[in-house]
Amino acid sequence: MKQLHKQSSSNRKDEEMPFSQTPPYSPKSLKHPRSLPRSLNYILKEQRLLFILVGILIGSTFFIIQPSLSILSSSDQRPRISAGSRESVVGNRDRGELAQDFQNHFGNGNYNRYSNGVGRVPVGIGSKRKRIVVTGGAGFVGSHLVDKLIARGDDVIVIDNFFTGRKENVVHLFGNPRFELIRHDVVEPILLEVDQIYHLACPASPVHYKSLTCDYKTNVMGTLNMLGLAKRIGARFLLTSTSEVYGDPLEHPQKETYWGHVNPIGVRSCYDEGKRTAETLAMDYHRGAGVEAIRKQPMTVYGDGKQTRSFQYVSDLVDGLVALMEGEHVGPFNLGNPGEFTMLELAEVVKETIDPSATIEFNPNTADDPHKRKPDITKAKELLNWEPKISLREGLPRMVNDFRNRILNEDEGKGN
Ligand SMILES: O=C(O)[C@H]1O[C@H](OP(=O)(O)OP(=O)(O)OC[C@H]2O[C@@H](n3ccc(=O)[nH]c3=O)[C@H](O)[C@@H]2O)[C@H](O)[C@@H](O)[C@@H]1O
């Protein structure tokens, strides 16, 4: 398999860890008590709290496409070829094997599309494992997704340029033969042979997307490159979009069919429009190819704090992403928690569940901040049989433990 800049790290003490010791997927458990304020500071630095809660836990829209060129009748034993495809890497898994594979992971389910031979392994290798690329896999959502995929037995290649991601998020997988880490910027093409592509790479933090460092190019060129790869190799493709594509919505709650209300020249637009363009590209390919710190510091609330958001715990999101990838559906799905809170309510819940002594500071609002946001998840409930299980009150303490644990792991990695 071709690799670009295979990661070498001076911080690979887990390298010898045998696979059998790989921790199963779950929000990482608290290993030993350590300073809560420190973890809060970590979580919230560079507005990470707002980012995590607003940027991630809100309802997000996900796109999934399937190049139609990969959909052949099950009786067609020819390699599936699209422009630039490499027949030599196209293998044929039989329907029974793939259906079995699916059942091993998910129990009974409809596996029609995959049973048409979408999954691939190199010719001659009858492995049931999937080979999966996760771009942005060293990020917050990405690293949780990678843990889940590895834990269920798949081979995972992470592509990340570490713009906001951290090697520490995946260091526990170093040395695992089923895991590869490639430092690579998705704006450059890459050739890999895989069954599925989860495209998460994106400068997602407000710290980045509200500043000149915002990289529209990543959303456009990066998505084009990953779509091109999916088309070439016939892989199933999933794009993590964002509820920001709905802008300051005039429809509430927001269904997948809502086109949104976005200021195309505002300070947030490089992110909103970048993701909107990425969605456009995904659907074009489908059609065309067929295919913040609060430790004794105030929590910052922008504006009057009456704007609403919906917050989703990361494991619910990861479950939804996998259900979407493993299913047969194409197009946007809202994967979010419909629980709707004002920013002031959120600050109160954070106070109650994390730090009762925290205070609130009001800052002028940023331009174009959406007034309300709440995902309509009817479609995901009906078609994916998916809905979030973890409430904000339940999720917040888990989130703190998760980040505390990451800090502890980092300290251990440094020999502290
Ligand atoms: O909810 C959302 O809106 C966002 O959720 C996640 O983002 P998240 O995990 O919250 O953010 P990060 O922890 O910053 O992860 C993004 C990853 O992409 C990587 N990245 C970023 C930019 C780039 O050019 N290339 C690249 O590999 C970063 O290094 C990082 O590992 C998804 O990865 C985003 O696609 C999505 O927009």
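Me: Which helices each supply at least two residues of the shell around the ligand?
Reply: In this predicted model, that's α2 (48-56) and α5 (140-151). Of the two, α5 stands out, giving the most to the shell with three residues.

Me: What makes G136 and T164 worth picking out around the ligand?
Reply: They're on the list of residues that come nearest, out of 28 around the ligand. G139, G165 and L200 are on that list too.

Me: How do you know which kinds of residue make up that shell?
Reply: You sort them by type: twelve are nonpolar, 13 polar and three charged. Gly counts as polar, so a glycine in the shell goes into that group.

Me: Why is helix α8 said to be largely enclosed by the rest of the structure?
Reply: A residue is buried if 20 or more other C-beta atoms lie within 10 Å of its own. In α8, 14 of the 20 residues are buried, so the helix is largely enclosed. For the protein chain, 47% of its 416 residues count as buried.

Me: How do you know what span to expect for α8 (residues 269-288)?
Reply: Take 1.5 Å times one less than the number of residues. For its 20 residues that's 28 Å, and the helix reaches 27 Å from first C-alpha to last, so the two are close.

Me: What makes V158, I197, Y198 and L321 special in the largest nonpolar core?
Reply: Among its 58 residues, those four touch the most other members. Helix α9 (residues 314-326) brings the largest share of this core, seven residues. Another core, of twelve residues, lies apart from it, with M299 and F311 among them.

Technical notes
Residues numbered from 1 in each chain as written. Predicted model: local features only at pLDDT ≥ 70, side-chain atom pairs only at ≥ 80, totals over all residues. Near = placed C-beta within 6 Å. Helix = DSSP H or I, 4+ residues; strand = E, 2+ residues; numbered from the N terminus. Core = buried A, V, L, I, M, F, W, Y, C linked by C-beta atoms within 7 Å.
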